[in-house]
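Good morning, and thank you for coming. Please take a moment to look at the sequence and the structure before I begin.

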Amino acid sequence: MYLACCLGMMLEFHLSWGGILLALTSGVFFVMVMSLKPLRPWSYSVVLGVLFTLLWLTFTTRSFIGFYVFFECSLIPTIALILGWGYQPERLPASYYFLFYTLVSSLPLLFIIISYTSMYSSSLLCFWDGLGDSLIFVLAILAFLVKLPVYFAHVWLPKAHVEAPVTGSMVLAAILLKLGGYGLYLVQGLCTHSETLVMGVCMMGGVFSCLICLRQSDVKSLIAYSSVAHMSFVILAMLMCGHYSNASSILMMVSHGVCSSGLFYLAYIFYTRIWSRSFLLTRSTVSLLPYLCFWWLGLSFFNMGLPPSLNFFSEMYFFVGVFNLDWSMAFLTGALSFFSSCYCIYLYSSTSHGESLYISSWLEYSLKEYLVSSTHLIPLLVLVLI
């Protein structure tokens, strides 16, 4: 509770969110460097360095035009990661989906930025009046909704995650999705109407995503779809524009960034052992690789919002805000929270228990896997104890 209150107070400062997300970015990139020994290491290092620099500039710039430029330029090194170090031939169409969805959705935002910059002779949002027309506001946030992503505009996310290397999946889930949340935070002060329709679509989409997770047979696809469900909380919290909802959204983004990055890395360890992500072949981890099962259990608990995890406090803050908004929205929020717990239990039980069909032993593991897995779980435990 102390951490949640501190983060809520920090939201009063303009660049507080940028500072929190910068700390998350630095930690994730440190783990990314440890987690993979790629082919063409020099090219890989250059791509990671460019991506880290662009994200750093995105979270520190005050100009909205600068934010937009760095926001879109971060696509280039991400696509280079998918194309250059992806595993399957389908990485090319996955990159096309990623590029098409993000660029097309950002064009209305570009026109709005140019129009309002010329109107107010400044690209600083503090000098802009509210976007009086509800349609203009929806077009302005469309780029951020697709980046998070909102359901119905999420097709690029599972494809990009499945085809990306482990570091690409880690940076996509932990950092790039948070760019959309940070963008919503920047423009929420321009909202002059209650976007009930967008809120309803977000929550219904979150419930649908949870149901899709329960039908997945691929470990990585399930983790990717779970991001859509968790980001539905963030979208609705941002659109409510309240103190408690803002605290809820930053807690959810930090917790999801660390949890999803760790889950993708553990799924990568599965893949290096059996060269498959199917639940049929990744069963009985608890007997074949107990240490991996311990990290898998811990991250699953944090992901499903068990107390006293950050997700738990985030959902509590979220419920405080949503009950003041609408009872039907509160019902959808409860359903989303319940089904989120269901797919987390499904993810853990399907991989950790049952009879293994894989004959070879998984007991060979390295110190690097210990370190990378621990650097995901230990920060979550430390944040709880603060």
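I will speak about two helices, then the nonpolar core, then some single residues, and finally some features of the backbone.

This is a predicted model, in which local features need pLDDT of at least 70 and side-chain atom pairs count only at pLDDT 80 or more, while totals for chains, interfaces and linings use all residues. Residues are numbered from 1 along each chain as its sequence is written, and side-chain values use heavy atoms, with hydrogens and water left out.

Let me begin with helix H6, residues 91–120. Helices here are DSSP runs of H or I with at least four residues, numbered from the N terminus. The expected span of a helix is 1.5 Å times one less than its number of residues. For the 30 residues of H6 that gives 44 Å, and the end C-alpha atoms are 43 Å apart, so the two values agree. H6 nevertheless has a kink of about 30° at Leu107, shortly before the proline Pro108. Such a bend is the angle between axes fitted to the seven residues ending at a position and the seven starting there.

Which residues of H6 are buried? Buried means under 20% relative accessible area, exposed means over 50%, and partly exposed lies in between, with a 1.4 Å probe and protein chains only. The buried residues of H6 are Ala94, Ser95, Phe98, Thr102, Ser105, Ser106, Leu109, Ile112, Ile113, Tyr116 and Thr117. As general background, an α-helix has 3.6 residues a turn, so residues three or four places apart point the same way. The cover over the buried residues of H6 includes helices H4 (64–73), H5 (75–85) and H8 (156–163), together with H7 and H9.

One of these partners, helix H7 (residues 134–147), packs against H6 at an angle of about 145°, with the axes 8 Å apart. The axes are lines fitted to C-alpha atoms over the stretch in contact, and angles run from 0 to 180 degrees between N-to-C directions. On the H6 side, the residues that make this contact include Phe98, Tyr101, Leu109 and Tyr116; on the H7 side, they include Ile136, Leu139, Phe144 and Lys147. Contact means heavy atoms within 4.5 Å.

The second helix is H9, residues 166–187. Its 22 residues reach 32 Å from the first C-alpha to the last, close to the 32 Å expected. H9 bends by about 40° at Leu172. How many of the residues of H9 are buried? The count is 22 of 22.

I turn now to the nonpolar core. By definition, this is a set of buried Ala, Val, Leu, Ile, Met, Phe, Trp, Tyr and Cys residues joined through side-chain atoms within 4.5 Å. The largest such core has 128 residues, and those with the most contacts inside it are Phe64, Phe144 and Trp296. Helix H11 (residues 219–240) supplies the largest share of this core, 16 residues. Phe144, already named in the contact between H6 and H7, touches Phe64, Phe67, Phe71, Leu109, Gly180, Gly183, Leu184 and Val187, not counting residues up to four places away in sequence.

Three single residues come next. Ser169 lies in H9 and counts as buried because its relative accessibility is 0%. Beyond neighbours within four places in sequence, Ser169 is in contact with His161, Ala164, Lys220 and Phe264. Leu380 belongs to helix H17 (residues 367–385) and is buried, with a relative accessible area of 1%. The C-alpha atoms of Leu380 and Ser309 are 7.6 Å apart, although 71 residues separate the two along the chain. Ala247, in helix H12 (residues 243–274), is buried at 0% relative accessibility.

Finally, the backbone. In general, most residues other than glycine have a negative phi, and most peptide bonds are trans. Where are the cis bonds to be noted here? One joins Leu148 and Pro149, with omega about 0°, and Pro149 is in the loop between H7 and H8. Another runs from Pro307 to Pro308, with omega near 5°; Pro308 is in the loop between helix H14 (290–304) and helix H15 (310–323).

As for phi, Phe152 has a positive value near 85°. Phe152 is also in the loop between H7 and H8, and it is exposed, with a relative accessible area of 56%. Ser121, which follows H6, has a positive phi near 55°.

Thank you for your attention.

How values were computed: Helix = DSSP H or I, 4+ residues; strand = E, 2+ residues; numbered from the N terminus.
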